[in-house]
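Student: I should like to learn how the features of a protein model are read from its atoms. May we go through them one by one?

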Amino acid sequence: NTKSSSSNIGSSSSSWKSSPHLIDCHKLISQAKSSHATETGMFMPIHPQKNANNFFVMNIHNPLVDTVSYKIFKEGCFECTHLTNLLAFLSTQPPDAYLLDIGGNIGMWSLVVASTHRETYTIEPYVENYSRICKSVDKNSFWDLVHLYGVAATDVEGDLRIEMAKRNYGGGRVSAALPDLEDGGGGGGDKAEDDAMEEENDAKEEEGGTTTRREKEYHNIKGVPIDSLGLPIDDDHHRPVLLKLDVEGHELRALLGGMQFLHRANIVYAMTELRPTFHTDEDTFASWKKIMGILVSKGLVPYRIDYEEETRLDVSRLHEWRHVKHPQVRYFDVVWRKDG
């Protein structure tokens, strides 16, 4: 059930509005209300910046079963340092700059950007997550700011599955769909990859305070290339784009499905999660080098985020890129931005 990627690169027009994958939050909220479904989450007040007026409220999962929601419940945000840096950079950009949020989870990054009256284009395949984004959009009247796609970003359109971590609704790993997989049921997979994902998510969850450990869940989802979504690109006025990418190991395929977008868009800031294995396979390494070459050609400089500090990275020494605490911690965050 796959087909080749079709290009539908947007422009300054609103071609993105015609995407069949765009979530109608009005309809979703209405259906939820009419079904009288029990609310399992809660709303939290969020103050992204002290002494600023971009206060909003956010719908989160039960903090006892989701580590991201627990962090937000306890600290008022998730990835707080990243968000502070993002807002500082965003303040230097014109009002039409927008965020492409690939792996939106429950909307922390998207909602923070929307609170500054900027648009976001948010890609999140898991219904329990994007439903919460819709509830936040409804509560804050962000209807014209948050544009939500209920799919996974990948290289070739087709049916996929997402494996949800036991205590992290944002830790889903995308892989090929299994023919006999029923939504929510169990499934097989590569044991080494399963173990690696389990170890990574356990490390993340230790930072949270979740007390309830759910069983693994598997769900069928749709995967589409970014280039097919008709995202806005203003070739004449160079509308700035900020990109955030966190899809638990599916980053390369997500970007390979958006190569035309990467080439044409005026990307001024990009945050992505990486793993040191990106340079262990020859073909994978070659693809990453091509993508990083595009970012470099746009004048972006990479920095590894080391907790409260950052380290400038050398693109000519990619084989040395790894977490400051490697091998105890494998994944690491890299921000690309224009300096000066």
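Student: What is the handedness of the disulfide of C77 and C80?

Tutor: A disulfide is a covalent bond between the sulfur atoms of two cysteines. This is a predicted model. In it, the torsion about the S-S bond of C77 and C80 is about 110 degrees, so this disulfide is right-handed. The sulfur atoms of C77 and C80 lie 1.8 Å apart.

Student: Are C77 and C80 buried or exposed, or in between?

Tutor: The cut-off for buried is under 20% relative accessible area. C77 is buried because its relative accessible area is 15%. C80, at 23% relative accessibility, counts as partly exposed.

Student: How many disulfides does the structure hold?

Tutor: The structure holds 2 disulfides. Besides the pair already discussed, C25 and C134 form a disulfide, with their sulfur atoms 2.0 Å apart. Its S-S torsion is about -70 degrees, so the disulfide of C25 and C134 is left-handed. This pair links distant parts of the chain, since C25 belongs to helix α1 (residues 25-35) and C134 to helix α5 (residues 127-140), 109 residues apart. Both C25 and C134 are buried.

Student: What is the pairing when the bonded cysteines are numbered in sequence order?

Tutor: The pairing of the bonded cysteines in the protein chain is 1-4, 2-3.

Student: Let us turn to helices. Which residues of helix α3 are buried?

Tutor: An α-helix has 3.6 residues a turn, so residues three or four places apart point the same way. In helix α3 (residues 80-90), the buried residues are H82, L83, L86, L87, F89 and L90. They are on the same side of α3, because they cover an arc of only 160 degrees around the axis.

Student: What covers the buried residues of α3?

Tutor: The cover includes α4 (108-114) and the strands β11, β12 (266-274), β13 (301-306) and β15 (332-337).

Student: How many residues of β12 are buried?

Tutor: In β12, 8 of the 9 residues are buried, so this strand is largely enclosed by the rest of the structure.

Student: In which sense, parallel or antiparallel, does β12 pair with β11, and in which with β15?

Tutor: β12 pairs with β11 in the parallel sense, over 6 bridges. With β15, β12 pairs in the antiparallel sense, over 6 bridges. Single positions can be followed across these pairings. V241 stands opposite I267 of β12, and E273 has D333, in β15, as its bridge partner.

Student: Where is E248 found, and what does its side chain contact?

Tutor: E248 is found in the loop between β11 (240-245) and α7 (251-256). A polar contact of 3.5 Å joins its side chain to that of R275. E248 counts as buried because its relative accessibility is 9%.

Student: A polar contact may also involve the backbone. Which backbone oxygen does the side chain of N140 reach?

Tutor: The side chain of N140 reaches the backbone oxygen of V57 at 2.7 Å. Its place is in helix α5, and N140 is buried, with a relative accessible area of 17%. Leaving aside neighbours within four places in sequence, N140 is in contact with F56 and V57.

Student: Finally, I should like to consider the backbone. What is the phi of N105, and what is that of S141?

Tutor: Most residues other than glycine have a negative phi, and most peptide bonds are trans. Phi of N105 is near 55 degrees, a positive value in a residue other than glycine. S141 is not a glycine either, and its phi is positive at about 55 degrees.

Student: Where is each of them placed, and is each buried or exposed?

Tutor: N105 is in the loop between β4 (98-102) and α4, and at 13% relative accessibility it counts as buried. S141 is in the loop between α5 and β6 (146-149). At 54% relative accessibility, S141 counts as exposed.

Student: Which residues does a cis peptide bond join?

Tutor: A cis peptide bond joins H326 and P327, with omega at about 5 degrees. P327 has its place in the loop between β14 (309-312) and β15.

Definitions and conventions
Residues numbered from 1 in each chain as written. Predicted model: local features only at pLDDT ≥ 70, side-chain atom pairs only at ≥ 80, totals over all residues. Heavy atoms only, no water. Helix = DSSP H or I, 4+ residues; strand = E, 2+ residues; numbered from the N terminus. Buried < 20%, exposed > 50% of the residue type's maximum accessible area, 1.4 Å probe, protein only. Polar contact = N/O pair within 3.5 Å; in protein donor to acceptor, adjacent residues only side chain to side chain. Arc of directions from axis to C-beta. Contact = heavy atoms within 4.5 Å. Pairing = 2+ DSSP bridges. Disulfide = S-S within 2.5 Å.
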